[in-house]
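This report walks through one protein model for a reader who has not met it before. It takes up open and enclosed spaces, then strands and sheets, and then the division of the chain.

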Amino acid sequence: DFLCISLVNGFTQLRYNLGDKTVILQTLQKVHANGNTWHSLSAGRVGNEGYLDLDGINVTQKASPGMNALDTHTDFFVGGVSSLNLVNPMAVENEPTGFTGCIREIVINNRELKLTVTDPTGGANIGDCDGTDCGYTVCKNNGTCQVKNSGFSCSCPREWTGTTCEQSIHCLQNMCGSQALCIPQPSSFSYTCVCALGWTGKYCNNKIKFYIAKFVGNSYIKYTDPFYGKRDLQYSRLSLNFTTNQTEGLIAWMGKSENEDNDFLAIGLANGTLKVVINLGERISVPLMHSKYFTCSVGRWHFITVVQNQTCIKVYLDEELILFEDIDPQRKYTALNYGGICYFGGFETGRKVNTVTTGLFQKEFIGKIKDVVLFQDSKKIQLMKAEGYNVYDGNS
C-alpha cells in the first residue's frame with residue numbers, strides 16, 4: 001500500500017494503492033515553477049475515493065468497489081526519501097527524484113507537522129526556506145514579523161502582546177492561581193480562570209477533594225492507566241455511574257484520540273438515547289444505540305458497563321443487558337489498543353468533542369460521574385489524581 005504526491009511535467013499528481021489497484025489523479029493546471037509562487041495543495045481520500053485540490057480547483061475520482069484502508073507502517077517522508085529504491089514503481093510516473101523547492105504548513109488528518117530541526121525523526125539537506133529569522137508562523141495570533149539585526153520582532157494585534165504575540169492583554173495582570181489556565185474574554189475586556197483538578201473558586205485558589213466528578217460542559221478528565229502494559233486487550237471492560245439532564249454528551253472515551261487510526265471505545269448520549277461506539281482497527285467505527293428512549297432525569301443515577309470480548313460487545317444499563325452484538329464475525333481485529341488513555345466528559349481545552357469524534361458525539365458532557373472501574377480491577381479509579389480542568393465536587 002502507498003499514498004504519494006508528486007510533480008509530473010509541471011502537474012501535481014496523487015497516486016495511492018490500498019491493496020488492489022493504483023488510483024491516479026492529476027490536477028487540471030500546472031504549477032508555477034518560478035520559485036516564488038506559493039501554491040495551496042489539498043489531497044487525500046475517503047475510503048477509496050480520492051481528491052486532489054490545487055489552489056481551489058478540485059479533481060475527485062469516484063470510488064469503485066474495492067479495498068478502502070491504507071495499510072502502511074513506514075515513516076512519513078516529505079520532499080524525498082532516505083533511499084529512492086524504497087519508492088514503489090507505481091507511486092510515480094517517471095524515475096523518482098527528490099523535490100527542489102519550499103514546503104510549509106503540512107497538515108495530516110487535522111494535525112500540523114512541526115517542520116523544525118528537532119521534531120522530525122530524521123532528514124538531510126534541508127535549509128530554512130524563508131532565509132530569515134522570521135521563518136514561518138513565528139508570530140502567533142496574526143502578528144507581523146520583521147527582521148532585525150538581533151533576530152526578529154513581532155508587531156502584534158492590539159489584543160495580544162509578548163515576544164511572539166502569544167500573551168493576551170486580558171491575561172497580563174491575571175490573578176489565576178498557579179494551578180489554573182487564564183482564558184481571555186475579549187468581549188468583556190476581562191478573563192476567566194479554568195481550574196485544574198482539585199482546585200476551585202474564581203481564581204482557583206481553594207483546594208477541594210471529590211469522589212463524584214461534576215462536569216459543566218467545558219470540563220474534562222484525562223486518566224492514564226498505570227496497568228495498561230499488563231492488560232489483556234482482547235477482554236476490555238469499563239463501568240461507571242453517571243447522572244445528567246442533557247440529551248447529548250460524551251461521557252467516556254477509552255483511547256488516545258490523537259488521530260483517526262487510534263482504537264477507541266466510547267460511551268455517550270445522542271438524541272436522548274445511550275450510544276456506545278467501538279473501533280478495533282481500520283477506522284471501522286460501530287455505533288450501538290439503545291433502542292428505547294433514554295430518560296435523562298435530573299438526579300437519577302445510572303450504572304453502565306461495557307464489556308468487549310474480542311469482537312463481541314455487551315452493554316449493561318442499570319444491570320440489564322440492553323445491547324449484545326458481534327461487530328466483526330470475521331475476527332479481523334480483536335484487541336482494543338487504547339494506549340492506556342481514558343477521557344471523561346470531553347477532551348483537552350480547545351479540542352471540541354464533535355471534531356475529535358468526527359461527529360459521533362456532538363457535545364461535551366454536563367452531569368456527574370462516579371465509581372469508574374477499568375477491566376476487573378478491585379479498586380475504582382481515583383479521578384482526583386488524573387489530569388483535567390473545570391471539574392467540580394459533585395457532592396456539593
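The second largest pocket has a lining of 13 residues, among which F210, Y211, I381, Q382 and L383 lie nearest its centre. About 340 Å³ of space lies in this second largest pocket, and its lining is made up of 6 nonpolar, 1 polar and 6 charged residues. The structure is a predicted model, in which local features need pLDDT of at least 70 and side-chain atom pairs count only at pLDDT 80 or more, while totals for chains, interfaces and linings use all residues. Residues are numbered from 1 along each chain as its sequence is written, and side-chain values use heavy atoms, with hydrogens and water left out.

On a 1 Å grid over the protein atoms alone, a pocket is an open set of points with protein on both sides within 12 Å along at least five of seven lines, a cavity is a set where a 1.4 Å probe fits but cannot get out, and lining residues have an atom within 4 Å of a point. Grid points are joined across faces, edges and corners, and a volume is the space filled by probe spheres set on the points. For the classes, Ala, Val, Leu, Ile, Met, Phe, Trp, Tyr, Cys and Pro count as nonpolar, Asp, Glu, Lys and Arg as charged, and the others, Gly among them, as polar.

A search of the whole structure finds 1 cavity of 30 Å³ or more. The largest cavity holds about 30 Å³ of space, and its lining consists of Y16, L18, D20, K21, V23, N48 and M67, which divide into 4 nonpolar, 1 polar and 2 charged residues.

Strands (E, at least two residues) are DSSP runs numbered from the N terminus, as are helices (H or I, at least four residues), and two strands pair if DSSP finds at least two bridges between them. One open sheet has 3 strands in the order β1-β2-β3, with antiparallel pairing. Its edge strands are β1 (2-8) and β3 (22-30), each of which pairs on one side only. Strand β2 (residues 11-17) is joined to β3 by 6 bridges in the antiparallel sense, and Q13 has Q26 in β3 as its bridge partner.

Another open sheet has 3 strands in the order β4-β5-β6, and here too the pairing is antiparallel. The edge strands are β4 and β6 (57-61), each pairing on one side only. Strand β4 (residues 41-46) and strand β5 (residues 49-54) pair over 6 bridges; S42 has D53 in β5 as its bridge partner, and R45 stands opposite G50 in β5. Between β4 and β5, which form a hairpin, there are 2 residues, and G47 in the turn has a positive phi of about 65 degrees.

The table gives two annotated spans.

| Span | Distance between end C-alpha atoms | Helix | Strand |
|---|---|---|---|
| Residues 1-129 | 32 Å | 0% | 34% |
| Residues 167-205 | 22 Å | 0% | 41% |

UniProt, in an unreviewed entry, places "domain: Laminin G" at residues 1-129 and 210-396, and "domain: EGF-like" at residues 130-166 and 167-205. These positions are given in the numbering used here, feature names are shortened, and annotations may be inferred rather than shown by experiment. The domain assignment gives domain 1 (2-112), domain 2 (180-208) and domain 3 (213-393), with bounds that come from an automatic or database assignment. The C-alpha centres of domain 1 and domain 2 lie 45 Å apart.
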